[in-house]
Amino acid sequence: MGGVARGWPPAELVSRPRIRRRGGSDTPLPFALAPQRQGPLTVLCLGAHADDIEIGCGGTVLRLLAAYPKTDCHWVVFSGGGGPRDDEARKGAELFLGRAGRRQVVVHAFHDGFFPYEGGEIKNAFEALAGAVEPDVIFTHTRHDRHQDHRLISDLTWQTFRSHLILEYEVPKYDGDLGVPNVFVPLTAAVVRAKIRHLGAAFGSQRRKRWFTADTFHGLLRLRGVESGAPHGLAEAFYSRKALVSFWS
Ligand SMILES: [Zn+2]
């Protein structure tokens, strides 16, 4: 996509008016995600594998849909289609998108672990997506993720969507590639419980993996909550490489 896209400017990190900061609080100045045009917010969630989106931004999706229940959600998983993980991918989307206004779930069948070698076909899928969706905010893998499939999805996100707010999520794993994120979404304990419950309910095939445990997910959310001074001590974290700031006036 080149030039100025429909819907420009995208949803931005918008400063909130009349922010009251409690004395002595170390909570950073908050920003709000808000639609910038008429109609519901449009969200695009991208993940290489079934469970990536849910692990990376599931709590944020639950929180966002509670705030904006008419949100139009597009959910694209790039592997697992037609195989045993197809049902899991769709179950995960169903659980996390329960409050969406509209939803479109796509599960592609690209070869897990081989994305860089199927890059042309995956890029074609992104080009088709760009013609079909005009998102306000995109959630995708972070650029420095060491998993080759994750990294390709991140790169193609930036190649395809060039006038959009992109928030890159993190996925804990053996590679040990977690970094220092710079955008945080505070979550309540109830949302965190729902996220972890949904992960367990949707992804039965992953529960035998040593890392796929409730304490892995809770531990990372707790750590990001500490780093962001989140009110309930829990947060999901993202990387924003470009964001516009506007002001209510
Ligand atoms: Zn993955």
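H49 is buried, and D52 is buried too. Keep in mind that this is a predicted model. Both residues matter for the next item, the metal site.

What coordinates the zinc ion? H49 does, through ND1. D52 gives two OD contacts. H150 completes the list through NE2. The distances run from 2.0 to 2.3 Å. In sequence, the spacing of the donor residues reads H-x2-D-x97-H.

Now the geometry. The angles among the four donor atoms span 57 to 135°. The site counts as irregular, because a tetrahedral one would need all angles between 85 and 135 degrees.

On to the sheet. Seven strands make it up, and it is open. The order is β5-β4-β3-β6-β7-β9-β8, with mixed pairing. Which strands sit at the edges? They are β5, residues 102-110, and β8, residues 183-186. Each of these pairs on one side only. On average, neighbouring strands are turned by 25° against each other, direction ignored.

Next, the helix on this sheet. Helix α2 covers residues 84-96 and packs on the sheet. Its contacts there are β4, residues 72-79, and the edge strand β5. The direction of α2 makes about 160° with that of β5.

Last, one strand pair in detail. Strand β7 spans residues 165-169, and strand β9 spans residues 235-239. Is their pairing parallel or antiparallel? β7 and β9 run antiparallel, over two bridges. Within this pair, E168 stands opposite Y239 of β9.

Terms used:
Residues are numbered from 1 along each chain as its sequence is written. This is a predicted model: local features need pLDDT of at least 70, side-chain atom pairs count only at pLDDT 80 or more; totals for chains, interfaces and linings use all residues. Side-chain values use heavy atoms; hydrogens and water are left out. Donors are N, O and S atoms within 2.8 Å of the metal (3.2 Å for Na, K and Ca); water is not among the atoms, so sites may look incomplete. Four donors count as tetrahedral if all angles lie between 85 and 135 degrees; four count as square planar and six as octahedral if opposite donors are over 155 degrees apart and all others between 65 and 115; anything else is irregular. Buried means under 20% relative accessible area, exposed over 50%, partly exposed in between (1.4 Å probe, protein chains only). Two strands pair if DSSP finds at least two bridges between them. Helices (H or I, at least four residues) and strands (E, at least two) are DSSP runs, numbered from the N terminus. Axes are lines fitted to C-alpha atoms, for helices over the stretch in contact, and angles run from 0 to 180 degrees between N-to-C directions. Contact means heavy atoms within 4.5 Å.
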